[in-house]
Each structure stands twice: as C-alpha cells, then as structure tokens.
Amino acid sequence: VVEAGDNVMYGEYTGTKIKYNDEEHVIVREDEVLLRYKTDVITKESAEPIGDKILVAITAEEKVTSSGIVLSPEAAAKSRVCEGLILCTGPGRMSSEGEVIPMPVKAGDTIKFREFWAEEVNIEGDDYLVVRANDVLAKW
C-alpha cells in the first residue's frame, strides 16, 4: 500500500499528466506503481515493490539462443532479457475478498518470465527489471 509522503517509481508511459495550481502533476493508479521508497533517493535497499511486483537483477544478456545459435550484436540488442535473480518482492496480490494472496516466489530465486512483460528501472546507475508475479513462467 502506498501512503502519503512515500516516493514512488512508475513506468515511463504510465499515468495522466495534469496541471493543478499552476504545477505539473501525474495521476497514477496504485496498481501502476512499481516501487516505493521512503528515502530521498531510491537504492536497492530502500526499494519496496508494490503488490504482486518483483524487483529482478539482470543475470545475463542473451548472446546465444536456447538452440545454440550465436546472435549478432544487432540481434542481441533487439532481444529482451527475460530471466533474472529476485532481489525483493511485494507482499502479494489482493484478492476480491480483500485478502493478500502470498507471493509464489521469494528473494534469492532465479526466475524466467514472459518476454516484453518487464518494466525497466534504473537504481543507482544499474539497470533492473520489475515483473508481476503472474508473468513468472518458472523459478529455481
């Protein structure tokens, strides 16, 4: 749950921009918030995923396909990473009865998720991904 005073990170194309009292604001639904943090600057330690979201460290760029074909630099640049190490997770998704459904994964798990379903974020100069639990295909 996001509270007044929390700093939040949301996707680049998320939200609706409005002008209120001559100031620019963005209206964002809570389920569109990726991470919250209570510090002035977001760090790996202060980042808290919201709901069923997962903060993932990218473990390796794909340079070879699963069948062993080596990708050219141009092709590798177009492919999307869809595997990584879980740094932290949100508490889980809220059911229609108002109960939190526990996360099926935990920090330290390596996951494979659907390609193109991760949101890229940059924290302290490093790139990470935020994925929803429903987009996880496998864990180990």
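Here is a walk through this predicted model, from the overall fold to a few individual residues.

Let's begin with the chain as a whole. It contains one helix and 13 strands. Following the sequence, you pass six strands, then the helix, then the remaining strands, in the pattern β-β-β-β-β-β-α-β-β-β-β-β-β-β. Of the contacts between residues at least 6 apart in sequence, 60% join residues at least 24 apart. The chain has 140 residues, and 33% of them are buried. On the outside, about 9200 Å² is exposed, with carbon and sulfur atoms supplying 52% of that area.

Now look inside. The largest nonpolar core has 13 residues, and the members that touch the most others are Leu35, Ile42, Leu55, Val121 and Ile123. Four strands each give at least two residues to this core: β4 (33–37), β6 (53–58), β11 (119–123) and β12 (126–132). Of these, β4 gives the most, with three residues. Ile123 is a handy place to start if you want to trace the packing. Leaving aside residues up to four places away in sequence, Ile123 touches Leu35, Ile42, Thr43, Lys44, Ala47, Leu55 and Tyr128. Another core, of twelve residues, lies apart from the largest one, and its members include Val105, Leu129, Val131 and Ala133.

From the cores we can turn to the pockets. Rolling a probe the size of a water molecule over the atoms shows where empty space is left. The largest pocket has a volume of about 260 Å³. Its lining is made of 13 residues, and Glu30, Ile50, Gly51, Gly92 and Met94 lie nearest the centre. By class, that lining has five nonpolar, two polar and six charged residues. Strand β8 provides the largest share of the lining, three residues.

The second largest pocket has a volume of about 230 Å³. It is also lined by 13 residues, with Asp31, Leu34, Lys53, Glu119 and Arg132 nearest its centre. Here the lining has five nonpolar, one polar and seven charged residues. The largest share, three residues, comes from β12, a strand that also supplies at least two residues of the largest nonpolar core.

Strand β8 deserves a second look, and Arg93 is a good guide to it. Arg93 sits in this strand, which spans residues 92–94. Is Arg93 buried, partly exposed or exposed? Arg93 counts as partly exposed because its relative accessible area is 40%, between the 20% limit for buried and the 50% limit for exposed. Beyond residues up to four places away in sequence, Arg93 touches Gly51, Asp52, Glu99, Val100, Ile101 and Asn134. Arg93 and Lys53 are 40 residues apart in sequence, yet their C-alpha atoms are 8.5 Å apart in space.

Finally, two loop residues have backbone angles to check on your screen. Most residues other than glycine have a negative phi. Asn21, however, has a positive phi of about 50°. You will find Asn21 in the loop between β2 (16–20) and β3 (23–27). With a relative accessible area of 60%, Asn21 is exposed. Phe116 also has a positive phi, near 70°, and lies in the loop between β10 (110–113) and β11. Is this phenylalanine, Phe116, buried or exposed? Phe116 counts as exposed because its relative accessibility is 54%, and exposed means over 50%.

Key
Residues are numbered from 1 along each chain as its sequence is written. This is a predicted model: local features need pLDDT of at least 70, side-chain atom pairs count only at pLDDT 80 or more; totals for chains, interfaces and linings use all residues. Side-chain values use heavy atoms; hydrogens and water are left out. Buried means under 20% relative accessible area, exposed over 50%, partly exposed in between (1.4 Å probe, protein chains only). Contact means heavy atoms within 4.5 Å. Accessible areas come from the Shrake-Rupley method with a 1.4 Å probe; for residues, only the protein chains shown count as cover. A nonpolar core is a set of buried Ala, Val, Leu, Ile, Met, Phe, Trp, Tyr and Cys residues joined through side-chain atoms within 4.5 Å. On a 1 Å grid over the protein atoms alone, a cavity is a set of points where a 1.4 Å probe fits but cannot get out, and a pocket is an open set with protein on both sides within 12 Å along at least five of seven lines; lining residues have an atom within 4 Å of a point. Grid points are joined across faces, edges and corners, and a volume is the space filled by probe spheres set on the points. Ala, Val, Leu, Ile, Met, Phe, Trp, Tyr, Cys and Pro count as nonpolar, Asp, Glu, Lys and Arg as charged, and the others, Gly among them, as polar.
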